[in-house]
Amino acid sequence: MAGLAYSLGKRDINQHFTIKNAKLISLVLVLLLALFHAASRYFGGADSCEWLLSSGRYLGENVWQPYGCMMHKYKSIEAKSCLSQKRVAFVGDSRIRQLFFSFVEIINPGQREDGKKKHADIAFEEKSFSLYVDFLWNPEANNSMKERLISWNNEGSGKPDMVVLGAATWSIKLRGSTGETLRQYKVNVSAMAPLLESLARHGEVYWVLQEPVNEELLRKDRKMITNDQLELYNRAAVDALDASRRGNRSGVKLLAATRQAAAETIQRSDDGLHIPEGARDVGAMVLMNALCNKVQRPVDGSCCQTAPAPNLLQKLAVCFFAGCALVLLGLHLLGDRRHHRPVPPDVESLEEKKPASAAAPPGVKAAFQALCRMGLIMAYFYLCDRADFFMKEHKFYTHSTFFIPLVYIFVLGVFYSENSKEVKLLNREQTDEWKGWMQLVILIYHISGASAFIPVYMHVRVLVAAYLFQTGYGHFSFFWLKGDFGLYRVCQVLFRLNFLVLVLCVVMDRPYQFYYFVPLVTFWFFIIYAVLAVWPQILQKRANANKMWHLGVLLKLLALLGFTAVLAYSQDFFNSVFSFWPFSALFQLDGSNYEWAFRWRLDRFAVIHGMLFAFVYLVLQKRQMLSEGKGESLFSSLVSNTLLLLSLVTFITYSVWASGCKTKTECNEMHPYISVLQILAFILIRNIPGYARSIYSSFFAWFGKISLELFICQYHIWLAADTKGVLILIPGSPSLNILVSSFIFVCVAHEISVITNDLAQVVVPKDTVALLKRLGVFLLLVLLVLLWAKEHV
C-alpha cells in the first residue's frame, strides 16, 4: 500500500510539474523581479554606494555584509595605489581617531594606535606614494571645527581629497543633555553644512553618525552620554545636512554602517564609549570601498561601482541577436512553417548526444528560434552579472549551509528511485546519475563557500577528478567500440562542449580559461583522440583478431602517461607549450599560465585512469569474465565480498586522511595520486551488488544530463561577481532568494542544453564539404576575435 502511494505521488508530481511549465514560471519570475528591481532603483533612489554606507549585517564574527552589494577587503598595496597623490583628513573626537587608526592600518598594517596622543593632531605619511592621512583633534562641532573647514575652502591645492568628520559625545559630556545644547549643535552643523558641500565638490566628504555606547560600562563623568541622546544628535545632524543639499544630489555622505556594526558589538567595548576594534575596522573598510572601488574596480567589490560600458564585441553580439530576431520575424510573416522542432531524445553534457535518427534535421526557422531564445537568456546573464541591476552579496561558510542542503537533495534523489533499463557496469542511466549528484554537490559547495573547509574541499576535488575520469572512460569506450574518428563526430563533441562558453566569452567579456573546466575537457578530448587515432589504430575488432594488440593499447597509454609526467614536472616545458599565441590567448588568464597549470596538474592522471579502466572493463566484458545479469554480483561471491570490503576501507581511509589535512597545498600535492582510489572504490561499491546496478535515481540522472550547462551557468546567474559572490534576486530573505534563484538557474541551464542540441544539428552538418566550409568560417571568426583581444589587452 505504501509503495503504491509512493508511486502515485511521484506520478502526480511529474504530471503537473513539467519542465515546460517550470520554464514558463521562471520566465514570469524573471520579468516580475526585473520590474521590482527597476522600480526600487527608480523610486527608492538608492544605489550600491548608499547601501554600503548606510546598512549591513554581520555574517559571522568580523565578517560584514553591506546591504545588496559586495565589499572588497583591501590589501596594503591596493590601498596605496588608490590613495596615491591624495590627502585624507579625519576630524573629530577619540572615536574618529579610532577610525583614523583603522584606516591607516589598511594602508600600513604595521601601524598601531598611539595611546600617548589622545588630545592632539596625528599625521601619517607614505612618502613613496605621496599619500597623507591626518587626524585633527576637534571633539566638538563648534566654531573651531568650522574655522578649519573655512581654511580648507580658502586654500587652493591644499584641500583634502577626502574628509571624514563627526562629533557629539563631548558636547553632551561638557554641556549636559539639555534641549539648548542640542539646538546649538544643530545650528553649528547647519553653519558648517555649506562649507562641507563646497569641499564635496572637490573630493569626498563623510559625516560619521554617532555609534551607540554601552551605558553600563560608562564612567561616572560620562553617564549623561546615553543612546537616546546620541540618536537625537544623529537626527539633528542629518536634518542639518539634508537642508543643505541641492535637489536630489548629495554632497556630504552619511556613514551609518559603523553605527550598525557597533550596535552588535558594543558590549565588547573596554569602557563603554570607544567602539570595539572589529566595528571600527568595518567603518574603515567601508570608507576604503566607497573611495576606491570605482577606481580599482575589484571583482568582489560591487559597492560603489558602476557597470562598465559594453565593448565592441558585446555590441556586435547585441546586433547579432537583434538581427536573428528580425530574420525570425520575417520568416514568420512569410509563413515559413516547414519545420516543427523535434523534442531532443537526450541532452547530456560531456559525451556525444545522440540525435534522433528518424527526425529530420531542424530547418532555418528552428535555428533562428533557438538563437533568439539564446539572445534573451544572454540578456538575463548580462543583467545578473554585468549590469548594475540585481544585487550581489558575499558567500559565508557554515557547516549548516553546506550539509543541510546536501541532506535535502539526497532525500529527493532516493525518492525518485527507478528500475534501470540496463544492468551493465556504468550504464548510461548510472553515469548520468553519477554526474547529477556530483554536480549538485559541487553547486552547493560553491554557493556556500565550502572551499574554506579543507575536508569538504578535498572531497569536491575528487568529484572534479571523477568528471575527468568519466571523460576518459566515455570517449575511450566510444572510439574503441565504434572506431569513428570522422570530422563530424569531432565537431559535434567540440560544439556541445564549447558553444555556451564561447558565447559567454563574448557577452560577458571573459577569457576562455575563466571557464576552466571546458578548456580542460576540450584539451583532454583532443589528447584522447590523438592517442587512439594515430597509427596504429587499435580498436576492439583488431584486438579481438590478435590479442597482442592489447599490448599496443597499453603502450599507447604508457606513452601518454610519460608525456603527461614531462608536462607536469617540467615547468619550462609546460610554459613553452602554452605560451605561444594563439594557445596563450586560450589558456592564459590575466596574462599568466598559473590558473591553467594549477587546474591541469591537479587532475593530470584522472583521464588516463578513466581510459585504462575502460580498456580493462571492455576486455573483461568481451571475454565474459563479468556477471552483468540482473540481480547478479559482478564477480564470484568471494571476489565480490573481498573487493567490497577493500572499497569500503579505501573510501573511509580517504575521508579520514582528508579530514586530517592541514593545508590545501599539502593535500593538493597528494591528490593526483590517490583520487583514483576513491573513484574506483565508489564504482565497485555502486556496481558489484546486482541490486545496486538494477536501480538508479531519475532525479540525479536528470541533472546529470545538463551537468555541463549547470556548471557554466552558475558563474553568472546563480553566483555573482564572476563566482566571488551570490546573486540576490529577493533581498532580505536569504532562504527564499536561494530557492527562487536556483529554480530560475536550473530552468535556464536546461533551456540552454536544448538550444545547444538544436543548433548542433544545424551548425554541424553530416555533409563533409559543407562541414569544412563552416569550420573554415568559424576558425576565421575565432582568429579575428583572438587578434582583437590581443590588441585590446
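How many bridges join strand 12 to strand 13, and in which sense do the two strands run? Two bridges link strand 12 to strand 13 (residues 725-728), and the strands run antiparallel. The model described here is predicted.

## The antiparallel sheet

Strands 12 and 13 belong to an open sheet of three strands, ordered 9-13-12, in which the pairing is antiparallel. Its edges are formed by strand 9 (391-394) and strand 12 (719-720), each of which pairs on one side only. Within the pairing of strand 12 with strand 13, L719 lies opposite V726.

## Strand 6 and its parallel neighbours

Strand 6 (residues 162-166) is mostly covered, with five of its five residues buried. The burial extends to both faces: M162, V164 and G166 are buried on one side, and V163 and L165 are buried on the other.

Strand 6 pairs with two strands described here. Strand 3 (residues 87-92) is joined to strand 6 by five bridges, and these two strands run parallel. In this pairing, G166 of strand 6 has G92 opposite. Strand 7 (residues 204-208) also pairs with strand 6 in the parallel sense, over four bridges. Here W207 of strand 7 is the bridge partner of L165.

## Packing of helix 13 against helix 29

Two packed helices are described by the angle between their axes and the distance between the axes. Helix 13 (residues 364-385) packs against helix 29 (residues 707-717) at an angle of about 50°, and the axes are 8 Å apart. Helix 13 is therefore oblique to helix 29, since the angle falls outside the ranges that count as roughly parallel (under 35 degrees), roughly perpendicular (65 to 115) and roughly antiparallel (over 145).

On the helix 13 side, the contact involves Y380, F381, C384 and D385; these meet C713, Y715, H716 and I717 of helix 29. By residue class, the contact of helix 13 with helix 29 comprises six nonpolar residues, one polar and one charged.

## Helix 25

Helix 25 (residues 637-659) has 23 residues, and at 1.5 Å a residue its expected span is 33 Å. The C-alpha atoms at its ends are 33 Å apart, so the model agrees with the expected span.

The buried residues of helix 25 are S640, S647, Y654 and A658. An α-helix has 3.6 residues a turn, so residues three or four places apart point the same way. Helix 16 (454-482) and helix 26 (664-687) are the elements against which the buried residues of helix 25 pack.

Notes:
Residues numbered from 1 in each chain as written. Predicted model: local features only at pLDDT ≥ 70, side-chain atom pairs only at ≥ 80, totals over all residues. Heavy atoms only, no water. Expected span 1.5 Å × (residues − 1). Buried < 20%, exposed > 50% of the residue type's maximum accessible area, 1.4 Å probe, protein only. Contact = heavy atoms within 4.5 Å. Pairing = 2+ DSSP bridges. Axes fitted to C-alpha atoms, helices over the stretch in contact; angles between N-to-C directions. Nonpolar A, V, L, I, M, F, W, Y, C, P; charged D, E, K, R; others polar.
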